[in-house]
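Work through the exercises below with the sequence and the model side by side. Try each task before you read its solution.

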Amino acid sequence: MNRNLDRTTDCDAIVELIPDYAFGLTDPAETARVEAALSACPEATAQLIDFQNIQNAMRAGVAQVEPPPRLESRLMAATQKPTEPRRLPVRWA
Amino acid sequence: MHPESDDIYLMAQIARQDDHALHTLYQQYGTAVYSLAYRVLQNTTLAEEATQDTFLKIWQQKTTWDPAKGALKSWLLTIAHHTAIDRLRREARQPATHPEAIEDVEAFGTLRPETWQDDILLRSLIQHIPAEQATLIELAFFGGLSHSEIAERTALPLGTIKTRLRSGLRKLRELWLETSNHH
């Protein structure tokens, strides 16, 4: 059996899955299949990068809406809160 | 200084818990993050919370930016997107949390191709994609829905959803490449 032919056929199948994979639409088995084969399939990797660039542009391209001014002060106030509650040592009298 | 060097310095300062640096990050990207959260959640209260959660994840170093993997803004908006989608899913499961949000979140599920008009990139590309495919891309990307959830929402067969969505995404990539080659 021609090993290169196998690899080409498998890469074709992976390329087929790339649009779904890029948009989080593959099931766990398909996701594992794509991730195992990506490094050996340059075309699949190139298409995935294209889709990631498209997604970046879609996220950045939404209509811009100014957040309410209170959000800035609320965020900065939230950074002052400790992430873990402080536990005082128990002292026995 | 190179803009990327500025970003690297800013993120290093945030890692040292410098709240002035977080404030600078918010001033630079707060509107972009809030706008994306609002696009996904279609509700001001939820978008504010998702925006705050996004910046707090960065402040608490729950995830860190690798400059080798892409621009700071893209990384930040990816976190914002995932945060907003998680919030949308939680609201769908527990719609009583924000009563005024119920109507908005449910309304998002209806097919509203006109919302594409808000998007700079898609405004130019979407005219070349069949409307039924564009709507499915919107439901998957901004609505965070799976194939089967879209099938349920649109009352279309699962196989039709898969075929149309994949075809729409391929078409979107072709158009994207054509647009990129022209610039």
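**Exercise 1. Find which residues of α3(A) meet which residues of α9(B), then classify the angle between the two helices.**

Step 1. Helices are DSSP runs of H or I with at least four residues, strands are runs of E with at least two, and both are numbered from the N terminus. Two residues are in contact if their C-beta atoms, placed from the backbone, lie within 7 Å.
Step 2. On α3(A), pick out Q47(A), D50(A), F51(A) and I54(A). They meet L172(B), R173(B), W176(B) and L177(B) of α9(B).
Step 3. Take the axes, which are lines fitted to C-alpha atoms, for helices over the stretch in contact; angles run from 0 to 180 degrees between N-to-C directions. The axes of α3(A), residues 42–60, and α9(B) come within 10 Å and cross at roughly 80 degrees.
Step 4. That makes α3(A) roughly perpendicular to α9(B). The classes are roughly parallel under 35 degrees, roughly antiparallel over 145, roughly perpendicular from 65 to 115, and oblique for the rest.

The model is predicted: local features need pLDDT of at least 70 and side-chain atom pairs pLDDT 80 or more, while totals for chains, interfaces and linings use all residues. Residues are numbered from 1 along each chain as its sequence is written, and chains are lettered from A and ligands numbered from 1 in the order in which they are written.

**Exercise 2. Count the residues that each chain gives to the contact, and name the element of chain A that gives the most.**

Step 1. Chain A supplies 29 residues and chain B supplies 39 residues.
Step 2. On the chain A side, α1 (3–22), α3 and α4 (70–79) each give two or more residues.
Step 3. α3(A) gives the most, with nine residues.

**Exercise 3. Check the length of α9(B) and list its buried residues.**

Step 1. The expected span is 1.5 Å times one less than the number of residues.
Step 2. α9(B) covers residues 158–181, so its 24 residues should span 34 Å. Its end C-alpha atoms are 35 Å apart, which agrees.
Step 3. A residue is buried with 20 or more other C-beta atoms within 10 Å of its own, exposed with 12 or fewer, and partly exposed in between.
Step 4. The buried residues are I161(B), R164(B), L165(B), R166(B), G168(B), L169(B) and L172(B).

**Exercise 4. Describe how α3(B) crosses α4(B).**

Step 1. α3(B) is residues 44–59 and α4(B) is residues 72–93. Their axes come within 9 Å and cross at roughly 135 degrees.
Step 2. That makes α3(B) oblique to α4(B).
Step 3. Among the contact residues are L46(B), E49(B) and A50(B) of α3(B), and I79(B), A80(B) and T83(B) of α4(B).

**Exercise 5. Locate Q61(B) and A155(B), and assign each as buried or exposed.**

Step 1. Most residues other than glycine have a negative phi. Q61(B) has a positive phi of about 60 degrees, and phi of A155(B) is near 60 degrees.
Step 2. Q61(B) sits in the loop between α3 and α4 of chain B. A155(B) lies in the loop between α8 (147–154) and α9 of chain B.
Step 3. Q61(B) is exposed, with 12 other C-beta atoms within 10 Å. A155(B) is exposed, with 6 C-beta neighbours inside 10 Å.
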